[in-house]
Amino acid sequence: MMRFNPPPGWPAPPSGWQPSADWRPDPSWPPAPPGWAFWVDDVALPEPRVVLRKVANLLVEDARLDLDPSLAAAQAPVSRVEPVIEAFRGYYGGLWVGGTLTLTDRSVDFRANALNRAVQSGTLDLSVPLGAIAAVEVQPGVLTRIVAMTVGERVVKARMYGADRVAETIQEAAAQAR
């Protein structure tokens with residue numbers, strides 16, 4: 001059985017989703033990387049082997065601050081910082097979302113932590129097949145450095161301590177997957 005495999009930056013479809021004949025992706029979604037496998041065999045494979053796991057922040061293009069409206073006391077301070085958040089999003093191309101970056105022998109995965117899920121919405125989880133990663137580089141950052149992975153025309157960025165070792169390990173794993 002085949003299942004739909006959304007490209008980076010696309011929302012995950014509900015389990016068992018099948019597109020209608022006239023379905024088209026939302027034009028606001030980023031383009032799929034060249035050669036992206038939209039449909040993958042859903043045969044039960046052995047669990048992927050975890051190579052490394054790190055606490056990290058992922059730069060998420062569509063992340064939004066999304067506080068519960070019932071938290072009226074929290075809304076007043078948030079309304080004062082919203083212009084700052086929007087300026088940050090405009091400058092950096094998204095918001096940093098905290099969570100865990102996991103490198104397996106198949107993919108680089110990011111899962112947002114519970115706190116970020118409670119206060120943010122958007123594409124908070126990401127899975128990039130190792131074969132889709134064309135390049136990996138380390139970029140400067142404040143306090144932590146940034147691992148930048150080129151996936152098609154997009155650059156997926158994650159910041160963490162030990163970025164040099166993480167980038168090197170992802171680069172080696174991606175080279176083996178090609």
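This report walks through the salt bridges of a predicted model and one buried arginine that has none.

**The pairs**

Side chains of opposite charge can pair when their charged atoms come close. Searching the whole structure turns up 5 salt bridges. Here are three of the pairs, with the distance between their closest N and O atoms:

| Positive residue | Negative residue | N to O distance |
|---|---|---|
| R154 | E61 | 3.2 Å |
| R64 | E86 | 3.8 Å |
| R117 | D125 | 2.4 Å |

Let's start with R154 and E61, which form a salt bridge with their closest N and O atoms 3.2 Å apart. R154 sits in strand β11, while E61 belongs to the loop between β3 (50-60) and β4 (64-65), so this pair ties together parts of the chain that are 93 residues apart in sequence. How do the two partners sit with respect to solvent? R154 is buried, at 13% relative accessible area, whereas E61 comes out as partly exposed at 39%.

Next up is the salt bridge between R64 and E86. It also links distant parts of the chain: R64 is in strand β4 and E86 is in helix α1 (residues 72-92), 22 residues apart. R64 counts as partly exposed, with a relative accessible area of 39%, and E86 is partly exposed as well, at 42%. There's a bit more going on around this pair, as R64, E86 and R89 are linked in a network of salt bridges.

Then there's D125 with R117, whose side chains meet at 2.4 Å, N to O. D125 is partly exposed, with 31% relative accessibility. R117 falls into the partly exposed class too, at 40%.

**The arginine without a partner**

Now for R159, which lies in strand β11 (residues 154-160). That strand also holds R154, the buried arginine paired with E61. R159 is buried yet has no salt bridge. Why no salt bridge for R159? The nearest side chain of opposite charge, D164, is 13 Å away, and a salt bridge by definition needs a side-chain nitrogen of Lys or Arg within 4 Å of a carboxyl oxygen of Asp or Glu.

So what does R159 have around it? A polar atom of the R159 side chain lies 3.2 Å from the backbone oxygen of V142. Setting aside neighbours within four places in sequence, R159 is in contact with A56, N57 and W96, and also with G141, V142, T144, R145 and I146. V142 therefore turns up twice for R159: as a residue in contact and as the owner of that backbone oxygen.

Terms used: Residues numbered from 1 in each chain as written. Predicted model: local features only at pLDDT ≥ 70, side-chain atom pairs only at ≥ 80, totals over all residues. Heavy atoms only, no water. Helix = DSSP H or I, 4+ residues; strand = E, 2+ residues; numbered from the N terminus. Buried < 20%, exposed > 50% of the residue type's maximum accessible area, 1.4 Å probe, protein only. Lys, Arg positive; Asp, Glu negative; His and termini not counted. Polar contact = N/O pair within 3.5 Å; in protein donor to acceptor, adjacent residues only side chain to side chain. Contact = heavy atoms within 4.5 Å.
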